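Open the structure in a viewer and keep the selection panel at hand. The stops below run from the whole chain to single pairs of residues.

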Amino acid sequence: MSSYYSYGSIFQVINSCSSVHKPWISYYKSNHPPKSSLSSSSSAGKRAPPARDVPEIITPKAVKETRVSFLDMFVDHAFQFVDQPYLPSQKNFAPVDEIGEAVGVSTIEGCIPDEFPQGVFVRNGANPIHGALKSAISIFGISSHVWVEGEGMLHAVYFNKKIDDKWVTRYKNKYVETDSYKIDKQRDKPAFIPAVEGTSGGVLSGFIFNMLRFGRVNENFSNTSIFEHSGKYYTAAENSMPQEIDINTLRTVGTWDSILDSWNRSFTSHPKKAPETGELVTVGFDAQKPYLVLGCISADGTKLIHKVDLKLERSVICHDTGVTQRYNIILDFPTIVDTTRLLLGGALIKFEKEKYARIGVMPRYGDADSIRWFEVDPCCAFHIINCYEEGDQVVIMACRSEESIIPGPELGNDKFDWFSRGFKHLNSSKKNEGFLFARPFVWRLNMKTGIVENKTYLTGTEFSLDFPFINEKFTGIKNKFGYTQVVDSAASSTAGMSKYNGLAKLFIEEKNLNLAEMNSISDEFSILALKLY
């Protein structure tokens with residue numbers, strides 16, 4: 001999914017096609033030296049030869065523009081872009097328009113507490129610019145956007161107090177204006193061919209024509225998260241470098257240039273600040289070796305201070321990473337990106353539950369040889385709650401499900417049915433249902449013995465819980481509370497897309513004696529009375 005994928009042999013043909021050979025330019029210059037308009041003393045009295053039209057020299061830029069124009073015309077004629085339809089139950093996923101200037105929020109249910117801090121709440125999410133996610137149909141096959149794609153849009157609610165201590169709230173939204181967003185906006189039509197899900201020929205043709213025309217295989221969406229580092233705010237997604245955002249206006253300042261030269265690959269959506277030092281730890285995966293690289297960015301955000309190839313033997317989607325006071329945490333779980341499988345007619349991204357899963361614990365500035373790997377049962381855990389050290393143990397808490405929600409069914413076939421079955425409640429009596437039901441889970445890794453001493457769910461099966469967060473001051477150290485969104489399993493199954501109807505508070509240090517699982521914790525839920533989603 002990364003824009004920085006280097007697909008090896010797939011792109012050898014691209015490189016050969018895109019190389020511009022210009023022997024005629026050097027030949028013309030060497031065989032037609034410039035002539036002076038003034039006569040030399042030796043040629044006094046002789047008439048200068050008549051002027052001749054000098055042929056126009058074709059520049060590399062002109063060659064490239066002509067080539068791209070021809071490729072654009074071919075794509076326009078060979079590829080048909082069609083909207084992926086929204087069912088009535090999926091209408092809340094449809095994109096919205098930019099509203100321009102911030103508007104006042106006049107109706108608030110309940111009240112804002114007096115002690116609530118002034119500031120801004122910002123959400124980042126996919127909002128397709130051309131009305132819907134697209135599928136591209138051509139003689140090569142079919143390729144489609146997956147549900148996590150679409151241009152990023154920021155939604156902000158500003159909380160400010162007037163002199164009389166009355167609250168003023170305003171709302172504003174704005175697209176994250178990446179380079180690919182600007183291309184699509186300028187053309188006023190889809191420019192990039194979907195290149196994640198679909199038939200082998202459809203996805204490969206997307207790779208090739210995107211690379212030949214734009215120099216990258218996928219769009220830069222930057223639609224997943226927003227985080228702060230050194231007083232600046234960035235949007236992120238695995239298919240691009242972070243984009244700096246002006247938090248007051250939501251204007252896109254540009255790519256995080258200070259680390260661009262030293263970090264030329266994908267960037268996790270959920271980097272973590274290391275306790276005490278304030279350094280930012282990130283990872284980036286690729287479809288070709290090095291498959292996964294870890295980096296540490298200085299606390300002031302100006303430079304990459306550590307970068308290491310983790311020497312994985314496969315490419316896995318590493319959507320999140322963890323930190324403790326001394327260690328980096330790496331999740332090597334089997335949601336695998338495999339271009340060889342794609343070339344043989346299979347899916348680019350696939351959750352392979354028969355493959356191994358493991359968790360790596362690495363000293364902050366270590367290398368691949370310093371990683372301590374712990375084998376765990378295959379599963380999917382895209383979102384970490386927190387990690388910390390306790391005695392000889394490293395504790396990892398994350399939201400775990402049996403299978404991966406990304407990208408969906410293989411090759412995108414029977415998509416609605418697959419998601420509908422996956423979102424069923426875990427207590428469903430039918431087989432092959434409820435495999436996307438997620439719950440907080442804990443792994444306790446003993447650094448002395450190398451044994452996973454405890455691995456269990458922390459909550460019961462009443463609700464599916466995902467998208468966790470904590471007070472970020474406790475990232476990497478032991479915390480008392482965590483929070484997650486509550487999945488409405490019935491509504492999600494009906495819609496074939498995930499829907500959330502509440503928040504859960506996790507009391508991590510309080511035991512729930514009503515549950516049989518060891519280390520089960522107490523929790524409480526706030527469920528929306530009205531289904532406004």
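What follows is a list of selections, each with a description of what is found there.

**Whole protein**

Start with everything shown as a cartoon, and keep in mind that this is a predicted model. The protein has 8 helices and 31 strands. Of its 533 residues, 50% are buried. Switch to a surface: about 26500 Å² is exposed, and carbon and sulfur atoms supply 53% of that area. How many of the contacts between residues at least 6 apart in sequence join residues at least 24 apart? The share is 62%.

**Helix α3 and a surface patch**

Select residues 60-78, which are helix α3, and find F74 within the helix. Its relative accessible area is 35%, which means that F74 is partly exposed; the partly exposed class lies between 20% and 50%. Now add I139 and F140 to the selection. Together with F74 these residues make a nonpolar patch on the surface, and the accessible area of the three is about 310 Å².

**Strands β2, β6 and β7**

Select 167-175 for strand β7, then 103-104 for strand β2; the two are antiparallel and share 2 bridges. To see one of the pairs, show G104 and its bridge partner R170 in β7.

Next add strand β6, residues 152-161, which runs antiparallel to β7 and is joined to it by 9 bridges. L154 is a residue to pick here, with K174 in β7 as its bridge partner. The link from β6 to β7 is a hairpin with 5 residues between the strands. Within that turn, look at the backbone of D165, whose phi is positive at about 70°.

**Strands β9, β10 and β11**

Move to 225-229 and 232-236, strands β9 and β10, which pair antiparallel over 5 bridges. At one of the pairs, A236 in β10 lies opposite S225. The hairpin that these strands form has 2 residues between them, and S230 has a positive phi near 55° there.

Extend the selection to 243-245, strand β11. This strand is antiparallel to β10, with 3 bridges joining the two. Which residue of β11 does Y234 face? Y234 stands opposite E244. β10 and β11 also form a hairpin, with 6 residues between the strands.

**Sheet β17-β20-β21**

The next stop is an open sheet of 3 strands in the order β17-β20-β21, with antiparallel pairing. Why are β17 and β21 called edge strands? Each has a single partner strand, so one side of β17 (315-316) and one side of β21 (349-351) has no neighbour in the sheet. Select 335-337 for β20, which pairs with β21 over 3 bridges in the antiparallel sense. V337 and I349 are bridge partners between these two strands, I349 being the one in β21.

**Sheet β24-β25-β26-β27**

Go on to an open, antiparallel sheet of 4 strands, ordered β24-β25-β26-β27. Its edge strands are β24 (380-390) and β27 (452-457), each paired on one side only. From one strand to the next, the twist averages 15°.

Select 393-401 to add β25, which shares 8 bridges with β24 in an antiparallel pairing. C380 has S401 of β25 as its bridge partner.

Then choose 439-446, strand β26, and pick out W443. Is W443 buried or exposed? W443 counts as buried because its relative accessibility is 1%, and the buried class is under 20%. Show F374 as well: the C-alpha atoms of W443 and F374 are 9.9 Å apart, while the two residues are 69 apart in sequence.

**Strands β28, β29 and β30**

For the last stop, select 464-469 and 481-487, which are strands β28 and β29. They run antiparallel and are joined by 4 bridges. S464 stands opposite V487 in β29.

Add 500-511 for strand β30, which pairs with β29 in the antiparallel sense over 7 bridges. To finish, display Y483 with its bridge partner in β30, K505. Strands of a sheet pair through backbone hydrogen bonds, so backbone atoms are the ones to display when going back over the paired strands.

Methods:
Residues numbered from 1 in each chain as written. Predicted model: local features only at pLDDT ≥ 70, side-chain atom pairs only at ≥ 80, totals over all residues. Heavy atoms only, no water. Pairing = 2+ DSSP bridges. Axes fitted to C-alpha atoms, helices over the stretch in contact; angles between N-to-C directions. Patch = residues over 30% accessible without salt bridge, like charges linked within 9 Å, V, L, I, M, F, W, Y side chains within 5 Å. Areas by Shrake-Rupley, 256 points an atom, 1.4 Å probe, with all protein chains shown as cover. Salt bridge = Lys/Arg side-chain N within 4 Å of Asp/Glu carboxyl O. Buried < 20%, exposed > 50% of the residue type's maximum accessible area, 1.4 Å probe, protein only. Contact = heavy atoms within 4.5 Å.
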